[in-house]
Amino acid sequence: MKHIVKILSLLVAISAFWIGLLQAAIVPRSHTWLLPIYFVVSLGCYGLLMVGIGLMQFPTCPQEALLLQQDIAEAKDFFKHKGVDVGSD
């Protein structure tokens with residue numbers, strides 16, 4: 001719930017800033033109407049950056065990999081005893 005409130009308050013702040021720029025005429029109207037497009041593009045770039053950073057910092061779990069390999073070997077043995085062809089080792 002707190003995350004939704006944060007997002008909504010950020011959206012309200014950005015909207016108020018945009019409307020303020022429209023009303024004050026500090027920035028020409030032709031540029032002001034492009035601000036939502038810039039915001040969406042910036043948000044997309046930020047999202048891609050966060051995904052990239054998350055992928056670069058993805059933890060490796062060698063212990064879990066060993067456990068998974070053991071589970072695979074046990075499953076292959078189980079199915080071999082049942083007469084199922086599980087392919088080559």
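**Exercise 1. Find which residues make the nonpolar surface patch of about 580 Å², and classify F39 as buried, partly exposed or exposed.**

Solution. In this predicted model, the nonpolar surface patch of about 580 Å² is made by F39, V40, L43, Y46, L49 and M50. Take F39 as the worked case: F39 is found in helix α3, which covers residues 35-56. Its relative accessible area is 34%, and the class called partly exposed lies between under 20%, which is buried, and over 50%, which is exposed. F39 is therefore partly exposed. As background, an α-helix has 3.6 residues a turn, so residues three or four places apart point the same way.

**Exercise 2. Work out what the structure shows for the span that UniProt lists as "transmembrane region".**

Solution. Begin with the record, where an unreviewed UniProt entry lists residues 34-56 under that name. Then turn to the model, in which the span of residues 34-56 is 96% helix and 0% strand, while its end C-alpha atoms lie 33 Å apart.

**Exercise 3. Test whether the lengths of helices α1 and α4 agree with 1.5 Å a residue.**

Solution. Helix α1 runs over residues 2-24 and has 23 residues, so at 1.5 Å a residue it should span 33 Å. The end C-alpha atoms of α1 are 33 Å apart, which agrees. For α4, the 20 residues should span 28 Å, and because the end C-alpha atoms are 29 Å apart, this agrees as well. Now look at what comes after each helix: α1 is followed by A25, whose phi is positive, near 60 degrees, and just after α4, G83 takes a positive phi of about 90 degrees.

**Exercise 4. State how many disulfides the structure holds, and classify C45 and C61 by exposure.**

Solution. A disulfide is a covalent bond between the sulfur atoms of two cysteines. The structure holds zero disulfides. C45 has a relative accessibility of 49% and so counts as partly exposed, and C61, with a relative accessible area of 41%, is partly exposed too.

**Exercise 5. Locate K82 and A75, and give the C-alpha separation of each from its named partner, Y38 or V86.**

Solution. K82 has its place in the segment after α4 (62-81), and its relative accessible area of 59% makes it exposed. The C-alpha atoms of K82 and Y38 are separated by 61 Å, with their positions 44 residues apart along the chain. A75, by contrast, is found in helix α4 and is partly exposed at 32%. The C-alpha atoms of A75 and V86, 11 residues apart along the chain, are separated by 9.3 Å.

Note on methods
Residues are numbered from 1 along each chain as its sequence is written. This is a predicted model: local features need pLDDT of at least 70, side-chain atom pairs count only at pLDDT 80 or more; totals for chains, interfaces and linings use all residues. Side-chain values use heavy atoms; hydrogens and water are left out. Helices (H or I, at least four residues) and strands (E, at least two) are DSSP runs, numbered from the N terminus. The expected span of a helix is 1.5 Å times one less than its number of residues. UniProt positions are given in the numbering used here, feature names are shortened, and annotations may be inferred rather than shown by experiment. Patches are made of residues with over 30% relative accessible area and no salt bridge: like charges are joined within 9 Å, nonpolar side chains (Val, Leu, Ile, Met, Phe, Trp, Tyr) within 5 Å. Accessible areas come from the Shrake-Rupley method with a 1.4 Å probe; for residues, only the protein chains shown count as cover. A salt bridge is a side-chain nitrogen of Lys or Arg within 4 Å of a carboxyl oxygen of Asp or Glu. Buried means under 20% relative accessible area, exposed over 50%, partly exposed in between (1.4 Å probe, protein chains only). A disulfide is a pair of cysteine sulfur atoms within 2.5 Å.
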